[in-house]
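The exercises below are meant to be worked with the sequence and the model side by side. Try each task before reading its solution.

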Amino acid sequence: MTEILLEARGLEVTYGRRTGLVNRSPGTRVLHGVDVTIKKGETVGIVGESGSGKTTLGRALLRLVPVSGGSIRFAGEDITLASPERMRAVRRRMQMIFQDPMASLNPRHTIRTILTAPLLLHGVAHDRRTAEERAVATLARVSLPEIVLDRYPHELSGGQRQRIGIARAALLKPDFVLADEIVSGLDVSTQAQVLRLLKELSREMGLSMAFISHDLSVIRAVCDRVYVMRLGEVVEEGPCDAIFANPRSDYTRLLINAIPLPDIDPDWLTAAPVAARNEDHAHV
Ligand SMILES: Nc1ncnc2c1ncn2[C@@H]1O[C@H](COP(=O)(O)OP(=O)(O)OP(=O)(O)O)[C@@H](O)[C@H]1O
């Protein structure tokens, strides 16, 4: 049986809760007892309409938003109440790729700093030279040339920026990556390249991933299993193929019918290597 990497039980998140004597507020609960299990090497999709709680769930799994109920276990450790110091160590193994790399990559830093700083910060590399060697190797792995190191985020194309987002997450050799709507700002062919790269990396590194998207064609292209969310609850969960072929809930059926599916052809993702297709270099 494949080992479980990340497990949440009865997860609750309440925004705006204040417990002060003067300024009290019960807040608004937006996650209502969610159970999620992610095995080693598995890519799990989280799908649902806008406001259903996908991002909140993803962030709660990484303890990036305060959890008001339930528990989270990561790599056998209960991290529900882990101290900030402990979480800093755990986070090296849990990385996140954001929707908008323009917002998540510091615009005043070169790609060199963006990629080497986390290696030095987490003590993965002990000196600049080692950090830079590792950054260059990771750049090559995401099919970007070394000259990108001296560029700023705004000097790259959207697809290149998202490759940097992936490189930054992969650098620290994490066990788990949360990818939140990472291709929604890209055109369809760039989306397919980025997804293919992520799929290759997850296979090579034995990564577990949670892949948040409102786009079911993206989920179908990359995920093994899917959780369907509505109003802060999981309404359906199961293997991707089964959910698409035979959705149990009306809500999932509506989501499937509402979204044009053929956008990303799953065969495209298993065709020629990304490097052979990557014409992005022309912009560098
Ligand atoms: N920081 C916050 N403070 C208060 N309420 C919030 C906060 N972040 C999200 N919410 C609310 O929590 C609910 C779930 O939001 P969340 O962003 O998790 O949904 P989502 O499914 O990811 O939506 P989208 O697809 O639009 O990004 C929404 O009702 C939202 O308004």
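**Exercise 1.** In which sense do β11 and β12 pair, and over how many bridges?

*Solution.* Before starting, note that this is a predicted model, in which local features need pLDDT of at least 70 and side-chain atom pairs count only at pLDDT 80 or more, while totals for chains, interfaces and linings use all residues. Residues are numbered from 1 along each chain as its sequence is written. Strands here are DSSP runs of E with at least two residues, helices are runs of H or I with at least four, and both are numbered from the N terminus; two strands pair if DSSP finds at least two bridges between them. With these terms, β11 and β12 pair in the antiparallel sense over 6 bridges. As one point of register, Arg225 stands opposite Pro239 in β12. The two strands form a hairpin with 2 residues between them, and Leu231 in the turn has a positive phi of about 45 degrees.

**Exercise 2.** Place this pair in its sheet, giving the strand order and the edges.

*Solution.* The open sheet has 6 strands in the order β8-β9-β10-β5-β11-β12, with mixed pairing. Its edge strands, each pairing on one side only, are β8 (94–97) and β12 (233–239). Next, follow the partners of two strands: β11 (residues 225–230) runs parallel to β5 (residues 43–48), joined by 5 bridges, and Val44 has Arg225 as its bridge partner in β11. At the other edge, β8 pairs with β9 (residues 176–180) in the parallel sense over 4 bridges, where Gln95 has Val177 as its bridge partner.

**Exercise 3.** Why are α4 and α6 described as roughly parallel to each other?

*Solution.* Begin with the geometry: α4 (residues 111–121) and α6 (residues 158–171) pack at an angle of about 20 degrees, with their axes 9 Å apart. Axes are lines fitted to C-alpha atoms, for helices over the stretch in contact, and angles run from 0 to 180 degrees between N-to-C directions. Angles under 35 degrees count as roughly parallel, and α4 and α6 are therefore roughly parallel to each other.

**Exercise 4.** Which helix gives the most to the shell around the ligand?

*Solution.* The residues surrounding the ligand include Tyr15, Val30, Lys54 and His214, where a residue counts if its C-beta atom, placed from the backbone, lies within 6 Å. Helix α1 (residues 54–61) gives the most to this shell, with 3 residues.

Conventions. Angles under 35 degrees count as roughly parallel, over 145 as roughly antiparallel, 65 to 115 as roughly perpendicular and the rest as oblique.
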